[in-house]
Amino acid sequence: MAENQAQPWKIPPIVQELAAGVPEPPNRYVVREQDRLAMALATAMPEPIPIVDLSRLSAAADAGADEVAKLRSALQDWGFFLAVGHGIEQETLTKMMQVTRGFFNLPLEEKQKYSNVVNGNEFRFEGYGNDMVVSEDQIMDWNDRLYLIVEPEPLVNHSLWPARPPAFTGVLREYTAGCRTIAGVVLATLARILLGLHDERRFVDMMNDGVAMTHARFNYYPPCPMPELVLGLKPHSDASVITVVLVDDVVSGLQVQKPNDASGVWYDIMSNSLLQIMSNGFFKSPVHRAVANAESDRVSLVMFYTLDMEKEIEPLPELVDEKRPRRYGKTTTKDYLAVMFDRFATGARAMDTVKISTAEHNSGTMSEDG
């Protein structure tokens, strides 16, 4: 008998179908009681969301200096910002959200054509369904997702791209091209901030080195009869160089913690983990989560930009000195992603596995955890 057939908990139900027929969330979705207080204490951000006009980042030095300063401040203080002047037409953004919602509104049998469960028992990251389940007592997230590799073309599995809605593929390709431009502008600016004008292509060239990939995650958060008991997506930070998020402009649900804030407060509303490592902690990777809603469903689309799987990730040597000692050990994209997916399932943070503690700095060694 196949392992997952003997352990049916490894193949959870589709949450959208589950939500339509239960008066309360099943136990495997209910957050532990000791964690519910933090869920209830989310508050509005203490300051406006940082806004950066990307069209001004590459302007002449004087004209673009203020915008570069805004980007630097946003990523040091919060680890994310709201992008305007990005060049993607509003019509494209609207269509992208429409085809995303259109896919999740299809009959279940149509969506299951793209399932991330092969032969009824084998999990794969790409496709439609839920995230990986690693233990029977794992608390599940109140969402379904469609996960696709969208770049580079040789790695795209076209059989997993939905045929319906009919506009899905064309709109996604157009949106992907726009997001690639955004990533390039932001990464070039960050390299300029960290390394100077002479090396502004450092991060962009890393993205073009080997087989760097772009992943798209389409999220669907169904209404929950008791949203205070569940999380749409558990707290985590992303294992990408940069992440571009398109969120529902009608129903809110994204929350973030401010980096280096010991209070642990969650703020309602993304620079990410690998960039935090390469910048030696200069830029922050925010821990964020999604919450459920009792009345309305919600969709979002997240584009993750990752480096070649064998690429070694470590602080850039130019950013390490006596005043700013090395804060992170060396890893590879492949190893970091593997740790991230494993730790995500349990609610732990992958960044902690490569962080060098003060004691390790003093001894010159790294512990097994570090």
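Begin by selecting Arg326, which sits in the loop between β15 (312-313) and β16 (331-332) of this predicted model. Arg326 has 27% relative accessibility and therefore counts as partly exposed. Next, add Lys355 to the selection. From Arg326 to Lys355 there are 29 residues in sequence, and the C-alpha to C-alpha separation in space is 9.2 Å.

Now display the whole protein as a cartoon. The view should show 11 helices and 16 strands. Of the 370 residues in the protein, 51% are buried. The protein exposes about 17000 Å², and carbon and sulfur atoms supply 52% of that area.

**Strand β14**

Select residues 298-306, which form strand β14. How many residues of β14 are buried? Nine of the nine are, so this strand is largely enclosed by the rest of the structure. Showing the side chains makes the two directions visible: Arg298, Ser300, Val302, Phe304 and Thr306 point one way, while Val299, Leu301, Met303 and Tyr305 point the other way. The residues of both sets are buried.

Keep β14 on display and add its partners in turn. Strand β10, residues 242-247, pairs with β14 in the antiparallel sense over six bridges. A useful landmark for this pairing is Thr243, which stands opposite Phe304 in β14. Strand β8, residues 213-221, also runs antiparallel to β14, and nine bridges join the two. Here the pair to select is Ala216 and, opposite it in β14, Met303.

**Strand β8 and its further partner**

Remain with β8 and colour its residues by accessibility. Nine of the nine residues of β8 are buried, and the strand is mostly covered. Which residues lie on each side of β8? On one side are Met213, His215, Arg217, Asn219 and Tyr221; on the other are Thr214, Ala216, Phe218 and Tyr220. Both faces of the strand are covered.

Then add strand β7, residues 144-151. Seven bridges join β7 to β8, and the two strands run antiparallel. To locate this pairing, select Asp144, which stands opposite Tyr220 in β8.

**Helix α5**

Move to residues 90-104, helix α5. This helix has 15 residues and reaches 22 Å from its first C-alpha to its last, close to the 21 Å expected at 1.5 Å a residue. Select Thr92, Leu93, Met96, Met97, Val99, Thr100, Phe103 and Phe104, the buried residues of α5. They cover an arc of only 165 degrees around the axis, which puts them on the same side of α5. Rotate the view to the face turned away from that buried side: it carries the exposed residues Gln90, Glu91 and Gln98.

**A nonpolar surface patch**

For the last stop, show the molecular surface and select Ile49, Ile51, Leu82 and Val84. These residues form a nonpolar patch on the surface, with about 290 Å² of accessible area together. Within the patch, centre the view on Leu82, which lies in strand β3, residues 82-84. Is Leu82 buried or partly exposed? Leu82 counts as partly exposed because its relative accessibility is 44%, a value in between the 20% under which a residue is buried and the 50% over which a residue is exposed.

Definitions and conventions. Residues are numbered from 1 along each chain as its sequence is written. This is a predicted model: local features need pLDDT of at least 70, side-chain atom pairs count only at pLDDT 80 or more; totals for chains, interfaces and linings use all residues. Side-chain values use heavy atoms; hydrogens and water are left out. Buried means under 20% relative accessible area, exposed over 50%, partly exposed in between (1.4 Å probe, protein chains only). Helices (H or I, at least four residues) and strands (E, at least two) are DSSP runs, numbered from the N terminus. Two strands pair if DSSP finds at least two bridges between them. Patches are made of residues with over 30% relative accessible area and no salt bridge: like charges are joined within 9 Å, nonpolar side chains (Val, Leu, Ile, Met, Phe, Trp, Tyr) within 5 Å. Accessible areas come from the Shrake-Rupley method with a 1.4 Å probe; for residues, only the protein chains shown count as cover. A salt bridge is a side-chain nitrogen of Lys or Arg within 4 Å of a carboxyl oxygen of Asp or Glu. The expected span of a helix is 1.5 Å times one less than its number of residues. The arc is that of the directions from the helix axis to the C-beta atoms.
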